[in-house]
Amino acid sequence: MSEGNTHSLRVASDVKLGSNVILYDFINLYGCEIGDETRIGCFVEIQKGAKVGARCKISSHVFICEGVTIEDEVFVGHGVMFTNDLFPTSVAADGALRKEGDWKCHPTLVKRGASIGSGATLLGGITIGENAMIGAGSTVVKDVLPNTTVVGNPARLVKSSKN
């Protein structure tokens, strides 16, 4: 693991790091798993329960929340945002501030070889197929089939190729 300036990294003791992981400055990792030879850029947060596979590139300013699984050899562009709560609120029905157990996590799966363009947002509860391409700035609200390209808000199919 390459750590740069250790004062600017927050890697909790419960993080499982594979071999030859490269971590750049100003990151926050806790309760997650990172596969071998993955690179994680500056200003990235990866929350508990998230898994990132081997040989992935996670660019700067990415947020990977609880419930996200990213398989091997996935590219995640700058500023990509994953979400896991389909009905976010700050307070419960009784007006009390919501606590950790007051919501349902909607997991996201990004399959092997997918590429997610910079600035994309992925809502919880979806699967991105193998070798799929998400265009920059897209908002993905439903599953993306393998070997397809989607763009826009909401993301729509623009290309499908057979492999």
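Select C56 first: this cysteine is buried, with a relative accessible area of 2%. The model is a predicted one. Colour the cysteine sulfurs and look for bonds between them: the structure holds zero disulfides. C56 is accordingly in no disulfide, and the nearest cysteine sulfur, which belongs to C32, lies 12 Å away. Now add C42 to the selection. C42 is in no disulfide either, and the nearest cysteine sulfur is again that of C32, at 16 Å. The surroundings of C42 can be checked with a surface display: C42 is partly exposed, with a relative accessible area of 26%. Because buried means under 20% relative accessible area, C56 at 2% falls in that class, while C42 at 26% does not.

Step back one residue from C56 to R55. R55 sits in the loop between β8 (51-52) and β9 (57-58). Its backbone is worth a look: phi of R55 is near 55 degrees, a positive value in a residue other than glycine. R55 is partly exposed, with a relative accessible area of 38%.

A comparable backbone feature can be found at E73. Select the loop between β11 (68-70) and β12 (75-76), where E73 has its place. E73 is not a glycine, yet its phi is positive, about 60 degrees. At 35% relative accessibility, E73 counts as partly exposed.

**The six-stranded sheet**

Show the strands that flank these loops. β8 and β11 belong to an open sheet of six strands, in the order β2-β5-β8-β11-β14-β17, with parallel pairing. At its edges stand β2 (16-17) and β17 (127-128), each of which pairs on one side only. Zoom in on the middle of this order: β8 and β11 run parallel and are joined by two bridges. Within that pair, select V52, which stands opposite I70 in β11.

**The eight-stranded sheet**

Next select β9 and β12, which are members of another open sheet. Its eight strands follow the order β3-β6-β9-β12-β15-β18-β20-β21, and the pairing is mixed. Which strands stand at the edges? They are β3 (22-23) and β21; each has a single partner strand, so one side of each is left without a neighbour in the sheet. Inside the sheet, β12 and β15 run parallel and are joined by two bridges. Select F75 there: the residue opposite is S115 in β15.

Follow the chain on from β15 to the loop between β15 (115-116) and β16 (121-122), the place of G119. At 38% relative accessibility, G119 counts as partly exposed. Display its contacts: leaving aside residues up to four places away in sequence, G119 touches H78, G79, V80, G137 and S138. Then draw a C-alpha to C-alpha distance from G119 to H61; the two are 58 residues apart in sequence and 9.4 Å apart in space.

**The hairpin at β20 and β21**

Move along to residues 148-151, strand β20, and to β21, which pairs with β20 in the antiparallel sense over four bridges. Select V150 and find its bridge partner in β21, which is L157. Four residues lie between the strands of this hairpin, and G152 takes a positive phi near 100 degrees. Now select N153 and P154. The peptide bond from N153 to P154 is cis, with omega near 0 degrees. P154 is found in the loop between β20 and β21.

Finish this part with residues 156-160, strand β21. Is this strand well covered or hardly covered? It is hardly covered: the count of buried residues among its five residues is zero. β21 is also one of the edge strands, with one side left without a neighbour in the sheet.

**The largest pocket**

For the last stop, turn on a pocket display. Rolling a probe the size of a water molecule over the atoms shows where empty space is left. About 190 Å³ of space lies in the largest pocket. Select its lining: Y30, Q47, K48, C65, E66, N84, D85, E100 and W103. Colour these residues by class; the lining divides into three nonpolar, two polar and four charged residues.

Methods: Residues numbered from 1 in each chain as written. Predicted model: local features only at pLDDT ≥ 70, side-chain atom pairs only at ≥ 80, totals over all residues. Heavy atoms only, no water. Buried < 20%, exposed > 50% of the residue type's maximum accessible area, 1.4 Å probe, protein only. Pairing = 2+ DSSP bridges. 1 Å grid on protein atoms, 1.4 Å probe; cavity = no way out; pocket = protein on both sides within 12 Å on 5 of 7 lines; lining within 4 Å. Points joined across faces, edges and corners; volume = space filled by probe spheres on them. Nonpolar A, V, L, I, M, F, W, Y, C, P; charged D, E, K, R; others polar. Disulfide = S-S within 2.5 Å. Contact = heavy atoms within 4.5 Å.
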